[in-house]
Amino acid sequence: MKLKLVGGDSAGVVTAYYMCSENGAGPTRDEIDFEFLGNRTGQPYLVQTNVYKNGTGNREMRHMLWFDPTEDYHTYSILWNNHQLVFFVDRVPIRVFKNNEKPNDFFPNEKPMYLFSSVWNADEWATRGGLEKTNWKLAPFVSSYKDFSVDACQWEDPYPKCVSTTTKNWWDQYGSWHLSGDQKMDYAWVQRNLVIYDYCNDSERFPTLPEECSLSPWE
């Protein structure tokens, strides 16, 4: 999807582009999120990504961007297969979330998903931890979307025709199980320069780090 985000003073405003297994926020949902956290005029937008399985999230990462996302459209993409989830910005991988190839409680791979987008008020937490509130005098807050495209398999009950073990689809083939050499270089640059928060480095919040934090994004 190409997005152009809310310009000016967007503190407290979140633009979301995400997949979810339910038409709502149910307690057992799977979810894959791009959330764009607005800010006071002149301050940078932050991109928050998150992954839910069976209703449990708390897998946030936050990144800065290397451009102003309010000035023009940029492309935000998700690669999702049974081996990895990769979040891309303009084809640059900013986050890699790996599977460990066995049943687990962190990688969403058992439920089909819908696609959603929204613009919503989250000023209790979105900007500087809730210190900056939405200025409603500036409404409406508008994010623009265009050029959506999807290459995926249509779910068919009671059994999907697109089980990943077939490798019939390009995203299930070996080349999509890992980052390419060029993608690894881009990803390393992002890790060095743009990561603001990674839950896998938050030992205060997680004295015992979640299982998935031990998986290497490079393999």
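These exercises, each with a worked solution, concern a predicted model.

**Exercise 1. The disulfide**

Find every disulfide in the structure, and describe its geometry and its place in the chain.

*Solution.*
Step 1. Search the whole structure. One disulfide turns up.
Step 2. Identify the partners. Cys-200 is joined to Cys-213, with an S to S distance of 2.0 Å. The cut-off for a disulfide is 2.5 Å, so this pair qualifies.
Step 3. Read the torsion. The angle about the S-S bond is -80°, and the link of Cys-200 and Cys-213 is left-handed.
Step 4. Place the pair. Cys-200 and Cys-213 both sit in the segment after β11 (195-198), 13 residues apart.
Step 5. Classify Cys-200 as buried or exposed. Its relative accessibility is 16%. Buried means under 20%, so Cys-200 counts as buried.

**Exercise 2. The nonpolar cores**

Describe the largest nonpolar core, then look for another one apart from it.

*Solution.*
Step 1. Take the members. The largest nonpolar core holds 31 residues.
Step 2. Rank them by contacts with other members. Leu-3, Phe-34, Phe-36, Tyr-76, Val-89, Ile-94 and Phe-97 touch the most.
Step 3. Map the core onto the elements. Two or more residues come from each of β2 (13-20), β3 (31-37), β4 (46-52), β7 (84-89) and β8 (92-98).
Step 4. Zoom in on Val-89. Leave out residues up to four places away in sequence. Val-89 then touches Phe-34, Leu-65, Trp-66, Phe-67, Thr-75, Tyr-76 and Ile-94.
Step 5. Look beyond this core. Another core, of seven residues, lies apart from it. Its members include Leu-79, Val-96, Leu-179 and Tyr-187.

**Exercise 3. The second largest pocket**

State the volume of the second largest pocket and say which residues and elements line it.

*Solution.*
Step 1. Take the volume. It is about 290 Å³.
Step 2. List the lining. There are 17 lining residues. Val-96, Asp-198, Cys-200, Leu-215 and Pro-217 lie nearest the pocket centre.
Step 3. Assign the lining to elements. β8, α1 (181-193) and β11 each supply at least two residues. The largest share, four residues, comes from β8.
Step 4. Cross-check with the earlier exercises. Val-96 belongs to the seven-residue core and lines this pocket. Cys-200 is a disulfide partner and also lies among the lining residues.

**Exercise 4. Backbone checks**

Which peptide bond is cis, and which residues have a positive phi although they are not glycine?

*Solution.*
Step 1. Inspect omega. The bond between Ala-139 and Pro-140 is cis, with omega of about 5°. Pro-140 lies in the loop between β9 (114-121) and β10 (144-146).
Step 2. Inspect phi. Asn-54 has a phi of about 50°. Arg-91 has a phi of about 70°.
Step 3. Locate both. Asn-54 is in the loop between β4 and β5 (61-64). Arg-91 is in the loop between β7 and β8.
Step 4. Add accessibility. Asn-54, at 36%, counts as partly exposed. Arg-91, at 75%, is exposed.

**Exercise 5. The annotated span**

Relate the UniProt domain entry to the model, then place Leu-131.

*Solution.*
Step 1. Take the record. UniProt lists residues 1-145 as "domain: GH16", in an unreviewed entry.
Step 2. Compute on that span. Its end C-alpha atoms lie 7 Å apart. The span is 0% helix and 41% strand.
Step 3. Turn to Leu-131, in the loop between β9 and β10. Its relative accessibility is 61%, so Leu-131 counts as exposed.
Step 4. Check a pair separated in sequence. Leu-131 and Ala-11 are 120 residues apart along the chain, and their C-alpha atoms are separated by 9.5 Å.

Key: Residues are numbered from 1 along each chain as its sequence is written. This is a predicted model: local features need pLDDT of at least 70, side-chain atom pairs count only at pLDDT 80 or more; totals for chains, interfaces and linings use all residues. Side-chain values use heavy atoms; hydrogens and water are left out. Buried means under 20% relative accessible area, exposed over 50%, partly exposed in between (1.4 Å probe, protein chains only). A nonpolar core is a set of buried Ala, Val, Leu, Ile, Met, Phe, Trp, Tyr and Cys residues joined through side-chain atoms within 4.5 Å. Contact means heavy atoms within 4.5 Å. UniProt positions are given in the numbering used here, feature names are shortened, and annotations may be inferred rather than shown by experiment. On a 1 Å grid over the protein atoms alone, a cavity is a set of points where a 1.4 Å probe fits but cannot get out, and a pocket is an open set with protein on both sides within 12 Å along at least five of seven lines; lining residues have an atom within 4 Å of a point. Grid points are joined across faces, edges and corners, and a volume is the space filled by probe spheres set on the points.
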